[in-house]
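Please take a look at this protein and describe how its parts fit together. Start with a single helix, then move on to the empty spaces and the cysteines.

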Amino acid sequence: MLHLSQVALRPIVAALALATLSVVAVNAEDAKPADKSLANSFNLEDKTAERDEKLLAKDAAVKVEDGKYFDAEGHPTFHVSDNGKKFDWYAYSGYRRYHAECHVCHGPDGMGSTYAPALKDSLKHLSYEEFIGILAGGKQDVSSSDQKVMPAFGDNKNVMCYADDLYVYLKARASGAMGRIRPGDKEEKPEAAKKAEKECMGG
């Protein structure tokens, strides 16, 4: 009986050992130095930025593909250059979309209002998947004294076709990469963004 138990345990132990090696391999991969050309360059004079060094490090771009920047988890992120004067296309587009579709409830620059939370704070802890899920499906928070309802935008192309743009802009606000400013300069709109926009909007 003991012999059978040991035989049965061997595959489990082997699986655990492989899992441990996989985690070590992933961590070793993550430990690679970031591409210095993708490092953010901030405007240190902008006191409205409220930089969070921990978030800035977590959200730093590690690769760029077709003009879109990605963090270590593979999620879209922002890129700032020229001492905080120039933003990637998606952060710029997100700024414009936010102020066209979201600021009435959530306040200018993601600062919040009396009836909707400050998204610059919410994006400090919301994951990309959670953000997209709430954007598409809405959310309802009910307490004994208050009821807050975030409508679902899943059918609204003016929002969902630019979901990544909104996410990138709000992540830039949450980490303090972008202050309470209108981006003065921007990278060129990538061909991939033009194509995705046309396909999503049905043009």
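**One helix and its cover**

The model shown here is predicted. Begin with helix H6, which spans residues 128-137. Three of its residues, Tyr 128, Phe 131 and Leu 135, are buried. Look down the axis of H6: the buried residues fall within an arc of 65°, so they line one face of the helix. A general rule is at work here. An α-helix has 3.6 residues a turn, so residues three or four places apart point the same way.

What lies over that face? The cover of the buried residues of H6 includes two strands, E3 (76-77) and E7 (147-150). It also includes two helices, H7 (157-160) and H8 (163-175). After H6 comes Gly 138. The phi of Gly 138 is positive, near 80°.

**A residue in strand E6**

Gln 140 lies in strand E6. Which residues does Gln 140 touch, once its neighbours within four places in sequence are left aside? The contacts are Gln 147, Lys 148 and Val 149. Pro 151 is another residue to find from here. Gln 140 and Pro 151 are eleven residues apart in sequence, and their C-alpha atoms are 8.3 Å apart in space.

**Open pockets and closed cavities**

Now turn to the empty space. Rolling a probe the size of a water molecule over the atoms shows where such space is left. How many cavities of 30 Å³ or more are there? The count comes to two. The table sets the cavities beside two pockets.

| Space | Volume | Lining by class |
|---|---|---|
| Largest pocket | about 550 Å³ | 19 nonpolar, three polar, four charged |
| Second largest pocket | about 310 Å³ | nine nonpolar, one polar, nine charged |
| Largest cavity | about 60 Å³ | seven nonpolar, three polar, two charged |
| Second largest cavity | about 30 Å³ | two nonpolar, one polar, four charged |

Take the largest pocket. Its lining has 26 residues. Nearest its centre lie His 106, Pro 117, Leu 119, Ile 134 and Met 150. Several elements each supply at least two residues of this lining. The helices are H3 (89-101), H4 (103-106), H5 (119-122), H6 and H8. The strands are E6 (139-142) and E7. H6 thus appears again, this time in the wall of a pocket.

The second largest pocket is lined by 19 residues. Which of them lie nearest its centre? They are Tyr 90, Cys 161, Tyr 162, Asp 165 and Ala 193. The elements that give two or more residues to this lining are strand E2 (68-70), H3, H8 and H9. H3 gives the most, with six residues.

The cavities have linings too. Around the largest cavity are Phe 42, Asn 43, Asp 46, Ala 49, Arg 51, Val 80, Gly 84, Phe 87, Ala 177, Met 178, Gly 179 and Ile 181. The second largest cavity is lined by Ala 49, Glu 50, Lys 120, Lys 124, Arg 173, Ala 174 and Gly 176. Find Ala 49 in the structure. Ala 49 lines the largest cavity, and Ala 49 also lines the second largest cavity.

**The cysteines**

How many disulfides does a search of the whole structure find? The search finds one. It joins Cys 161 and Cys 200, with the sulfur atoms 1.9 Å apart. The torsion about the S-S bond is about -85°, so this disulfide is left-handed. Cys 161 lies in the loop between H7 and H8, while Cys 200 lies in helix H9 (residues 191-201), so the pair ties together parts that are 39 residues apart in sequence.

Are the two partners buried or exposed? Cys 161 counts as buried, at 16% relative accessibility. Cys 200 is partly exposed, with a relative accessible area of 30%. Cys 161 has already been met: it is one of the residues nearest the centre of the second largest pocket.

Two other cysteines deserve a look. Why is there no bond from Cys 102 to Cys 105? The sulfur of Cys 102 has its closest cysteine sulfur in Cys 105, but the distance is 8.7 Å, too far for a bond. A disulfide here needs sulfur atoms within 2.5 Å. Cys 102 is buried, with a relative accessible area of 14%. Cys 105 is partly exposed, at 37%.

Notes: Residues numbered from 1 in each chain as written. Predicted model: local features only at pLDDT ≥ 70, side-chain atom pairs only at ≥ 80, totals over all residues. Heavy atoms only, no water. Buried < 20%, exposed > 50% of the residue type's maximum accessible area, 1.4 Å probe, protein only. Helix = DSSP H or I, 4+ residues; strand = E, 2+ residues; numbered from the N terminus. Arc of directions from axis to C-beta. Contact = heavy atoms within 4.5 Å. 1 Å grid on protein atoms, 1.4 Å probe; cavity = no way out; pocket = protein on both sides within 12 Å on 5 of 7 lines; lining within 4 Å. Points joined across faces, edges and corners; volume = space filled by probe spheres on them. Nonpolar A, V, L, I, M, F, W, Y, C, P; charged D, E, K, R; others polar.
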